[in-house]
Each structure stands twice: as structure tokens, then as C-alpha cells.
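Subject: Structure for you to look at

Hello,

I am passing on the structure we talked about, and below it you will find my notes on what was found. Please keep the picture open while you read, so that you can follow the residues as they come up.

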Amino acid sequence: MKHRVRLAALFVLSGASGLVFEVIWGRQLATWAGHGSVAVSLVVAAFLAGMVLGHLVGGRLADRGGRLVRVYALLEAITGLAALAVSLLLARAAELSVLLADHAPAALSSLAARVALGFAVVLVPTAAMGATLPVLTRHLARASDLRDRKSTRLNSSHSSVSRMP
């Protein structure tokens with residue numbers, strides 16, 4: 001039971017940090033995209049797309065079996081490192097905007113190109129975030145199933161002993 005509570009607490013803390021990153025990236029992308037509402041829309045769209053993509057990948061990882069707690073821990077580490085890298089990259093978004101405007105073709109410095117690039121950058125950590133839920137739920141379901149089977153065996157052996165004359 002303690003194992004489940006610890007995993008649930010880690011999952012909630014991870015989700016809370018994801019929300020914090022969502023706000024940070026929205027503010028950082030406002031510099032990149034040139035407008036707050038575009039940046040917020042971009043972050044929300046990338047979060048939803050990343051979560052869906054991650055859920056698909058995470059479901060396939062969970063179906064493979066293995067040590068799912070380790071897979072979960074690896075996904076959380078990837079999420080954290082990717083989120084940190086995205087935050088550091090977006091902290092330099094103003095410099096990148098100026099660099100694109102000065103040296104890149106007009107198509108690359110357009111708003112559409114900046115939105116697409118921002119979407120792609122945010123997609124990486126959000127996909128890792130999305131993969132954690134199916135892996136964790138599969139682990140917990142497997143642990144619960146194993147516990148239920150042990151409990152059933154224990155109950156049946158107890159019943160057998162109680163029927164002895």
C-alpha cells in the first residue's frame with residue numbers, strides 16, 4: 001500500500017510541475033510568438049498533442065511489460081531534462097527571434113514558422129509526460145492483479161484447511 005501511495009504522490013507532484021512548466025512556457029513563448037494569446041494557444045495545443053502522443057507510446061511500452069517502475073522513472077527523468085532544456089532554450093527566445101529576423105529567409109522568421117518550431121520544442125517533454133500515465137497504471141494494475149491472485153490462493157488454502165475434519 002505504501003508503494004502505491006508513494007507512486008501516486010510522485011505522479012501528482014509531476015503533474016503539478018507540468019502545470020508550472022505550462023505557465024512558464026506560455027510566458028516565454030509570448031516573446032517568441034509575439035503575442036500572449038498565440039503563445040498560450042500554442043502551449044495548450046502542444047500539451048494536448050504531446051499528452052496524446054505520449055499516451056500512445058506509453059501504452060505500447062506498458063504492453064511490453066518488464067520493470068514498469070523503472071520505465072516510469074526513466075520517463076520522469078526524460079520529462080524533467082527535456083522540460084529544463086526547453087525552458088533554457090525559450091529563455092533565449094528573444095535572441096533567437098532577432099537572429100531569425102536578421103539572417104533567416106522571411107519564411108523562417110514568419111509567425112507560422114515560429115509557432116511550428118515552438119510547438120515542436122514543447123512537444124518533446126509533453127510526450128514524455130503523457131507516456132507516464134499508461135506505464136504507471138499498467139504497473140499498478142499488474143501489482144493489484146498479482147496481489148488479488150495471492151489473496152485468492154490464500155483464501156482458498158484457508159478454506160481448504162477450515163473444511164478439514
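Two residues are said to be in contact when heavy atoms of theirs lie within 4.5 Å. Please bear in mind that this is a predicted model.

With that meaning of contact, and leaving aside its neighbours within four places in sequence, valine 86 touches Trp25, Val121, Val122 and Pro125. Val86, Trp25 and Val122 also appear among the residues with the most contacts inside the largest nonpolar core, which has 15 residues, and Leu29, Val43, Phe47 and Leu90 belong to that group as well. At least two residues of this core come from each of helix H1 (2-33), helix H2 (36-64), helix H3 (68-91) and helix H5 (111-163), and H2 gives the largest share, namely five residues. There is also a second, separate core of nine residues, which includes Leu68, Tyr72, Ala131 and Val135.

How do H1 and H2 pack against each other? Their axes are 8 Å apart and the angle is about 135 degrees; because this angle falls outside the ranges for roughly parallel, roughly antiparallel and roughly perpendicular, H1 counts as oblique to H2. The crossing of the two helices is right-handed. On the H1 side the contact is made by residues including Gly18, Glu22, Trp25 and Leu29, and on the H2 side by residues including Gly36, Leu42, Val43 and Phe47. Sorted by class, the contact of H1 with H2 has 10 nonpolar, three polar and one charged residues.

Best wishes

Note on methods: Residues numbered from 1 in each chain as written. Predicted model: local features only at pLDDT ≥ 70, side-chain atom pairs only at ≥ 80, totals over all residues. Heavy atoms only, no water. Core = buried A, V, L, I, M, F, W, Y, C linked by side-chain atoms within 4.5 Å. Buried < 20%, exposed > 50% of the residue type's maximum accessible area, 1.4 Å probe, protein only. Helix = DSSP H or I, 4+ residues; strand = E, 2+ residues; numbered from the N terminus. Axes fitted to C-alpha atoms, helices over the stretch in contact; angles between N-to-C directions. Parallel < 35°, antiparallel > 145°, perpendicular 65-115°, else oblique. Left-handed = near helix turned anticlockwise from the far one by under 90°. Nonpolar A, V, L, I, M, F, W, Y, C, P; charged D, E, K, R; others polar.
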